Amino acid sequence: MSTPIDLEALRARVQARAFAHGFDRVGFARVAPLDREADALRRWLAEGHHASMQWMERGVEVRVAPDHHELLPHARTVIVLAASVLRPHEDEVGPSPGVVARYARGRDYHNVLGTRAKKLAADLRREGFASRATVDTMPILERAWAQRAGLGFVGKNAMLIVPGLGSHVMLATVVTAAELRADAPMEERCGSCTRCLDACPTRAIVRDRVIDSRRCVSYLTIEHEGPIEEALREPLGSWFLGCDTCQDVCPFNRTHALPGQLATDLAPHPRWTEHDAASILAMDDAQFDAFSLGSPVRRPGREGAARNAAYVLGNRGDRRHLPVLHARAAEDASETVRDAARWAIARIERR
Ligand code: B12
């Protein structure tokens with residue numbers, strides 16, 4: 001007969017390996033229905049808050065129940081891993097093409113966190129437990145599981161806030177058949193504070209923990225294809241890729257511990273100081289391909305990035321950018337980019 005595995009010792013090994021891989025926090029949640037969060041997710045979808053992200057409509061059952069047959073039938077524990085992307089003394093990067101959200105300044109976090117989480121899943125499989133790792137790649141409500149695993153709480157801005165570390169953390173999960181001791185879920189701590197709701201430039205936080213993606217700058221600059229609704233272009237301000245406004249004003253982000261190794265691995269790439277909005281606007285497909293390799297800016301693609309660059313130039317209002325805007329308005333292959341350039345020209349001329 002084989003010796004039974006000491007699950008407490010296995011849990012300690014998982015923790016130690018997670019920290020060795022550079023994660024700042026690790027927590028364990030028991031797989032059991034996420035009823036309230038499932039209702040919140042269904043309502044969010046029913047109200048159309050997922051905008052054009054139709055993939056969010058698929059796999060709702062899996063998102064709230066990782067023991068669903070499409071994910072891991074005998075799942076017992078969700079291990080949630082968090083890595084801070086906040087580096088001390090870093091504010092806006094360089095001259096930059098506009099402001100780039102902190103998570104997007106370095107290498108793509110899916111790869112950086114995913115590689116490590118996959119190693120942890122492989123370790124657990126070697127110990128005899130079916131396990132799968134994911135960073136956004138499988139449908140799972142990462143923040144809800146993170147809260148249940150005691151890593152932090154979901155704030156009014158819908159962000160997982162980790163006391164002592166803040167909300168500039170990225171998440172990865174390992175779903176495993178090993179029944180590891182669960183941590184206690186964390187209670188919500190926002191109190192009466194509404195700074196995030198008040199600061200959102202597009203009023204996208206429609207109520208406590210609910211983001212209307214149709215108005216969220218992060219969605220608009222990264223996921224949305226085609227022209228952005230005119231009324232929302234000025235509120236974009238200087239945001240070129242993603243948005244951190246609802247986190248920047250959060251009191252939980254005022255003080256934070258020094259982040260670990262992964263923040264270094266996600267450190268800003270020189271692309272953001274070597275290129276400005278005008279040069280990105282002028283890039284052809286091949287140039288953009290080389291520029292965006294391994295970066296989250298690949299997601300909006302050349303058309304989305306050039307569109308965002310034109311809006312930023314319009315909002316910055318510097319007449320020296322008129323020649324590049326006129327050139328793109330006349331010759332860009334994309335009507336979305338031509339339209340964005342025309343809008344920017346009109347906005348600069350109006351000043
Ligand atoms: C789709 C998506 C988006 C969309 C929609 C955002 C949204 N709020 O849903 C867009 C493109 C707008 C987006 C933007 C951003 N995202 Co995003 N996104 C996701 C993704 C892929 C799915 C999120 C999802 O399921 N949304 C559906 C809603 C309903 O779920 P939820 O936001 O998790 O909300 C939960 C709670 O708020 C709570 N809840 C809400 N209402 C209520 C009501 C009650 C009564 C209760 C009990 C609970 C409750 O329950 C919900 C379900 O758990 C996740 C990765 C993942 N697989 O989870 C990353 C993820 C959430 N994103 C992330 C990040 C970093 C961002 C940005 C900060 C990027 C940026 N700087 O530009 C912004 C932040 C916007 C914001 N304030 O939420 C991180 C968040 C890390 C963290 N610390 O929270 C994640 C976890 C990716 C990762 N692997 O790290 N994102």
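These are my notebook entries on a predicted model with a ligand.

**Ground rules**

I number residues from 1 along each chain as its sequence is written, and my side-chain values use heavy atoms, with hydrogens and water left out. Since the model is predicted, I ask for pLDDT of at least 70 for local features and 80 or more for side-chain atom pairs, while totals for chains, interfaces and linings use all residues.

**Entry: the ligand shell**

I started with the ligand. Which residues are the closest to the ligand? I found Glu142, Asn157, Leu160, Leu171 and Ser218, out of 39 that surround the ligand. (A residue counts here if one of its heavy atoms lies within 4 Å.)

Next I looked up polar contacts, meaning pairs of N or O atoms within 3.5 Å; within protein, one atom must be able to donate a hydrogen and the other to accept it, and residues adjacent in sequence count only if both atoms are side-chain atoms. Arg143 puts a polar side-chain atom 2.9 Å from an oxygen atom of the ligand. At Leu171 a polar backbone atom is 2.8 Å from a ligand oxygen atom. Asp244 has a polar side-chain atom 2.9 Å from a nitrogen atom of the ligand.

I then listed the elements that give two or more residues to this shell: helices H2 (35–46), H5 (142–148), H7 (217–222) and H9 (245–248), plus strands E7 (169–176) and E9 (210–211). Helices (H or I, at least four residues) and strands (E, at least two) are DSSP runs, numbered from the N terminus. H2 gives the largest share, five residues.

By type, I get 25 nonpolar, six polar and eight charged residues in the shell. Ala, Val, Leu, Ile, Met, Phe, Trp, Tyr, Cys and Pro go down as nonpolar, Asp, Glu, Lys and Arg as charged, and the others, Gly among them, as polar. Domain 1 (7–176) and domain 2 (195–350) each supply at least three residues to the shell; the domain bounds come from an automatic or database domain assignment.

**Entry: aromatic rings**

I paired rings of Phe, Tyr and Trp (its six-membered ring) with centres within 6.5 Å, calling planes under 30 degrees apart stacked, over 60 edge-to-face and the rest tilted. How many aromatic pairs does this rule give? I count six. Tyr103 and Tyr109 make an edge-to-face pair, because their planes are at 75°, with ring centres 5.7 Å apart. Phe288 and Phe291 have their planes at 50° and centres 6.0 Å apart, so I filed them as tilted.

Phe288 and Phe291 sit three residues apart in helix H13 (residues 285–292), about one turn of the helix. Both are buried, as are Tyr103 and Tyr109. (Buried is under 20% relative accessible area, exposed over 50%, partly exposed in between, with a 1.4 Å probe and protein chains only.) Ring pairs also tie Phe288 and Phe291 into a cluster with Phe240 and Trp272.

I noted Arg271 over the face of Phe291, 5.9 Å from the ring centre. The rule there is NZ of Lys or CZ of Arg within 6 Å of the ring centre and within 35 degrees of the ring normal.

**Entry: three single residues**

Ala309 is in helix H14 (residues 301–316) and counts as buried, at 0% relative accessibility. Its C-alpha atom is 6.3 Å from that of Phe240, though 69 residues separate the two along the chain.

Is Thr176, in strand E7, buried or exposed? Thr176 is buried, at 0%. Its side chain makes a polar contact of 3.0 Å with the side chain of Ser131 and reaches the backbone nitrogen of Ala178 at 3.1 Å.

Gly114 belongs to helix H4 (residues 109–126) and is buried at 9%.
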